[in-house]
Amino acid sequence: MIEGLIELVPRYGPFILALGTFLSCLALPVPSSLLMLSAGGFIASGDISAITAIGAAFIGAVLGDLTGFHIGQRGARILARLSGGPKRARLMARARTALRQRGTPAVFLSRWLFSPLGPYVNFAGGAAALPLMLFARAAIAGEAVWVLTYTGAGYLFAENLIWIGTVLSDVTGLLAALAVLTVCALWLRTALRHRHDRET
């Protein structure tokens, strides 16, 4: 299946790249990174235009981020209607404050360094009412890094795409796992501190 998708890149390059990055930003299992790597290889061989391929992948990714953000907003409104109350209102207010204070670096890094977390950051940013312009600026900057990194790697390592794809996906997966582990450790430390404070 992946080979079939890659074969479509030189024929339907912009459409396939835009659709692939768009769907991957909505947490659908599309090998968008591999598509961008292969696009870089096809740019190196002269089969597709660099500006067209990079532009299509970038536009698809940004539109996917904004769609995920909007889905998060709508979901938060639906949940608020179904299960409103003071406790939920306090939690949402805390989430909004946290994302406003530290949200943009998380959005930026989840586009490329911790890319498996990206779609979920989109949903969470919308649900927590992160200001759209702050979200969009961080998402656009992060997607530019993601698209240029993968198409650039495909261009430079055109003859070893499978190898570079494996290396990049392994590194990204490891970084995402470390990020999740760090968040869990911080949450556990906070929970233990609150428990200790209550007992004393």
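This report describes the fold, helices, loops and selected side-chain contacts of a predicted model.

## Overall fold and confidence

The protein has seven helices and zero strands, and its elements follow one another along the sequence in the pattern α-α-α-α-α-α-α. Of its 200 residues, 34% count as buried. Among contacts with a separation of 6 or more, residues 24 or more positions apart account for 78%.

The mean pLDDT of the protein is 78, and 63% of the residues score at least 70. Confidence is highest in helix α6, at a mean of 93, and lowest in helix α7 (residues 161–199), at a mean of 56.

## Helix α1 and the loop to α2

S24 belongs to helix α1. With a relative accessibility of 12%, S24 is classed as buried. Its side chain takes part in two kinds of polar approach: the side chain of S24 reaches the backbone oxygen of T21 at 3.0 Å, and it also makes a polar contact with the side chain of S32 at 3.1 Å. When residues up to four places away in sequence are not counted, S24 touches V30, S32, P119 and W146. Of these partners, S32 is among the buried residues of α2, P119 is among the buried residues of α5, and W146 is among the buried residues of α6.

The loop between α1 (2–24) and α2 contains A27. A27 has a positive phi, near 70 degrees, although it is a residue other than glycine. Most residues other than glycine have a negative phi. The relative accessibility of A27 is 32%, and A27 therefore counts as partly exposed.

## Helix α2

Helix α2 (residues 32–45) comprises 14 residues, and the distance from its first C-alpha to its last is 20 Å, close to the 20 Å expected at 1.5 Å a residue. Ten of the 14 residues are buried, so α2 is largely enclosed by the rest of the structure. The buried residues in α2 are S32, L35, M36, L37, S38, A39, G40, G41, F42 and I43.

After α2 comes G46, which has a positive phi near 85 degrees.

## Helices α4 and α5

S110 is located in helix α4 (residues 86–112). Its relative accessibility is 4%, so S110 counts as buried. Leaving aside neighbours within four places in sequence, S110 is in contact with S115, L117, G118 and V121. Two of these partners, G118 and V121, are among the buried residues of helix α5.

Helix α5 spans residues 118–127, and its buried residues are G118, P119, V121, N122, G125 and G126. Viewed down the axis of α5, these buried residues fall within an arc of 160 degrees, and they therefore line one face of the helix.

## The loop between α5 and α6

A129 has a positive phi of about 60 degrees just after α5, and this residue lies in the loop between α5 and α6. A129 is partly exposed, at a relative accessible area of 29%. Its C-alpha atom is separated by 8.6 Å from that of G72, although A129 and G72 are 57 residues apart along the chain.

## Helix α6 and its aromatic pair

The 25 residues of α6 should span 36 Å at 1.5 Å a residue, and the end C-alpha atoms are 35 Å apart, which agrees. The buried residues of α6 are F135, A136, A138, A139, G142, E143, W146, V147, Y150, T151, A153 and G154.

With ring centres required to lie within 6.5 Å, the count comes to four aromatic pairs. In one of them, the rings of W146 and Y150 have centres 6.4 Å apart and planes at 70 degrees, so the pair is edge-to-face. Both W146 and Y150 are buried. They lie in helix α6 (residues 132–156), four residues apart, about one turn of the helix. An α-helix has 3.6 residues a turn, so residues three or four places apart point the same way. W146 also appears among the residues touched by S24, a residue of helix α1.

Definitions and conventions
Residues are numbered from 1 along each chain as its sequence is written. This is a predicted model: local features need pLDDT of at least 70, side-chain atom pairs count only at pLDDT 80 or more; totals for chains, interfaces and linings use all residues. Side-chain values use heavy atoms; hydrogens and water are left out. Buried means under 20% relative accessible area, exposed over 50%, partly exposed in between (1.4 Å probe, protein chains only). Helices (H or I, at least four residues) and strands (E, at least two) are DSSP runs, numbered from the N terminus. The arc is that of the directions from the helix axis to the C-beta atoms. Rings of Phe, Tyr and Trp (its six-membered ring) pair if their centres lie within 6.5 Å; planes under 30 degrees apart count as stacked, over 60 as edge-to-face and the rest as tilted. The expected span of a helix is 1.5 Å times one less than its number of residues. Contact means heavy atoms within 4.5 Å. pLDDT is the predictor's confidence in each residue, from 0 to 100. A polar contact is a pair of N or O atoms within 3.5 Å; within protein, one must be able to donate a hydrogen and the other to accept it, and residues adjacent in sequence count only if both atoms are side-chain atoms.
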